[in-house]
Amino acid sequence: MAVAFIVLATSQLKWHPFIVLLMASYGIGFGAGMDPLAIGATIRSGFGNILGYIGIIIILGTLIGTILERTGAAITMANAVLRLLGGRFPGLAMSLMGYVVSIPVFCDSGFVILSSLKRALAERAKVSAVMMSVALATGLFASHTLIPPTPGPIAAAGNLGLSDKLGLVIVAGILVSFAAVLTGYAWAVFVGQRLSSGEDGANFDEAAYEKALKEYGKLPSATMAFAPIMVPILLIALGSVAAFPSHPLGEGTAFAIISFLGKPINALFIGFFISLGLLPSLTKVTTYDWIEDGLKSAATIIMITGAGGSLGTILKEASIGEVLGNALASYNLGIFLPFVIAAAFKTAQGSSTVALVATSALIAPMLHSLGLDSTAGQVLAVMAIGAGAMTVSHANDSFFWVVAQFSKMDVSTAYRALTVATLIQGLTAVAVVYLMSLVLL
């Protein structure tokens with residue numbers, strides 16, 4: 001009933017997910033017969049606990065993304081990928097640049113940022129505009145739902161007890177999402193030969209392209225553009241390696257330093273300070289207004305994440321997860337259960353982030369019953385939820401409309417091109433997760 005209410009309220013009634021998740025938490029508490037005086041305290045505890053783990057991480061990741069957008073660093077990253085692959089494989093170049101850019105930047109913003117480059121490259125290379133649009137969209141979407149420090153995967157990892165093991169989630173996310181990128185690109189090539197949009201047949205406007213670039217001023221170097229993303233990822237990965245039981249990096253001073261730097265909050269704080277080097281100048285606009293805009297963007301994500309933590313804690317205290325998990329375990333769904341629930345959330349209400357947060361909160365108490373309570377099982381559960389959270393993007397998803405409008409696709413074309421692409425990506429991702437589970441579980 002709680003899941004049905006969340007889906008109905010967010011998708012049909014258009015209520016805000018924060019309020020819906022809180023209402024569901026209260027409803028579950030009263031419905032399960034919890035002490036009424038304990039319900040509020042449990043909701044408060046769940047809200048605070050999850051944000052204590054990942055609240056600052058979400059803020060720092062969002063701030064890095066804001067700076068990358070405002071300084072044109074995202075354009076620099078795109079150009080770097082183009083130099084490597086753009087001439088021979090323009091569609092693959094778009095997929096890969098979207099894949100990288102969407103790690104710190106929401107896929108909606110990433111598509112808007114890169115759409116002018118996508119259009120220019122399609123016109124220059126004389127290739128299908130639909131192919132280029134779908135290639136970019138699927139590249140953005142893959143990392144958006146599977147790789148921290150994107151907020152959705154971070155929230156899911158936090159709900160499943162992996163806040164201190166984000167390096168493992170990143171490694172798994174890269175493996176799973178890259179398979180989704182390749183199938184998304186393959187579909188883009190296929191559908192690009194069969195569909196067209198309002199962008200096809202356009203002539204390249206060099207003047208308009210140059211004008212767009214000049215608005216950013218001098219673009220940062222590729223090294224500086226990539227550093228705020230890659231340095232935290234590398235530090236987190238090293239921290240995870242250092243924490244292995246075999247202590248491959250020793251147990252002395254080096255271990256202590258790497259362990260400190262590899263904590264996600266410390267790594268992202270370093271990434272944030274690196275991103276400050278991208279600022280054209282230290283003025284009120286760049287050091288206050290831009291930061292404030294980033295904080296505003298993070299606020300909604302944090303509130304939804306906290307409400308998801310409240311829901312998870314209520315489910316745990318009410319033992320509903322254990323009962324539901326035992327019932328579902330008889331169907332032997334295993335690793336597919338998180339995928340199915342997340343896909344239902346995503347398809348019904350549109351937001352991948354809400355699907356990741358709500359599903360992870362719901363699944364957390366079931367991990368033991370599903371045989372996913374080991375570290376490997378928790379990581380794979382996050383991956384399965386992420387796979388479901390990309391299945392599928394359609395008319396209730398803002399990303400669907402961003403892609404359709406900026407690519408000049410009509411609704412029918414967008415359904416056939418993008419919605420089917422996200423279905424293929426989701427199924428590919430969960431198939432990879434299943435294969436990984438055969439080895440790791």
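Reader: Let's start with one residue: is V189 buried, partly exposed or exposed?

Author: The general idea is to look at relative accessible area: under 20% is buried, over 50% is exposed, and partly exposed is in between. V189 has a relative accessible area of 30%, so V189 is partly exposed. Keep in mind that this is a predicted model. V189 sits in helix α9, residues 166–192.

Reader: How far is V189 from G277 in space?

Author: Their C-alpha atoms are separated by 38 Å, with the two positions 88 residues apart along the chain.

Reader: Okay, zooming out. How many helices and strands does the protein have?

Author: You'll find 21 helices and zero strands. As for overall packing, the radius of gyration is 21 Å and the globule rule gives 22 Å for 441 residues, so the protein is as compact as a globular protein of that length. Along the principal axes, the C-alpha atoms fill a box of roughly 65 × 55 × 45 Å.

Reader: What share of the residues is buried?

Author: Buried residues account for 56% of the 441. The accessible surface adds up to about 17,800 Å², and carbon and sulfur atoms own 66% of that.

Reader: And what about contacts between residues distant in sequence, how do I read those?

Author: Take the contacts between residues at least 6 apart in sequence, then ask what part of them joins residues at least 24 apart; here that part is 81%. T62 gives you a case to look at. T62 lies in helix α3, residues 36–71, and counts as buried because its relative accessibility is 9%. Leaving out neighbours within four places in sequence, T62 is in contact with G294, S297, A298 and I301.

Reader: Which residues does T428 touch?

Author: Again setting aside residues up to four places away, T428 touches A179, A180 and T183. T428 belongs to helix α21, residues 411–440, and is buried at a relative accessible area of 18%.

Reader: How should I read a single helix, say α13?

Author: Start with the general pattern: an α-helix has 3.6 residues a turn, so residues three or four places apart point the same way. In this structure, α13 covers residues 264–276. Its buried residues are P264, N266, A267, L268, G271, F272 and S275. The 13 residues of α13 reach 18 Å from first C-alpha to last, close to the 18 Å expected at 1.5 Å a residue.

Reader: Now the loops. Is G72 buried or exposed?

Author: G72 is buried, at a relative accessible area of 0%. Its place is the loop between α3 and α4, and beyond residues up to four places away G72 touches Y216, L219 and P220. G72 and G52 are 20 residues apart in sequence, and 32 Å separates their C-alpha atoms.

Reader: What should I look for in the backbone angles?

Author: The background is that most residues other than glycine have a negative phi, and most peptide bonds are trans. K408 has a positive phi, near 55°. K408 is found in the loop between α20 and α21, and is exposed with a relative accessible area of 52%.

Reader: Which peptide bond is cis?

Author: The one from T391 to V392, with omega near 0°. V392 lies in the loop between α19 and α20.

Reader: Last one: how many charged side chains of each sign are there?

Author: There are 21 positive and 20 negative side chains, and the centres of the two sets lie 6 Å apart.

Methods: Residues numbered from 1 in each chain as written. Predicted model: local features only at pLDDT ≥ 70, side-chain atom pairs only at ≥ 80, totals over all residues. Heavy atoms only, no water. Helix = DSSP H or I, 4+ residues; strand = E, 2+ residues; numbered from the N terminus. Rg over C-alpha atoms; globule rule 2.2 N^0.38 Å. Buried < 20%, exposed > 50% of the residue type's maximum accessible area, 1.4 Å probe, protein only. Contact = heavy atoms within 4.5 Å. Areas by Shrake-Rupley, 256 points an atom, 1.4 Å probe, with all protein chains shown as cover. Lys, Arg positive; Asp, Glu negative; His and termini not counted. Charge placed at Lys NZ, Arg CZ, Asp CG, Glu CD. Expected span 1.5 Å × (residues − 1).
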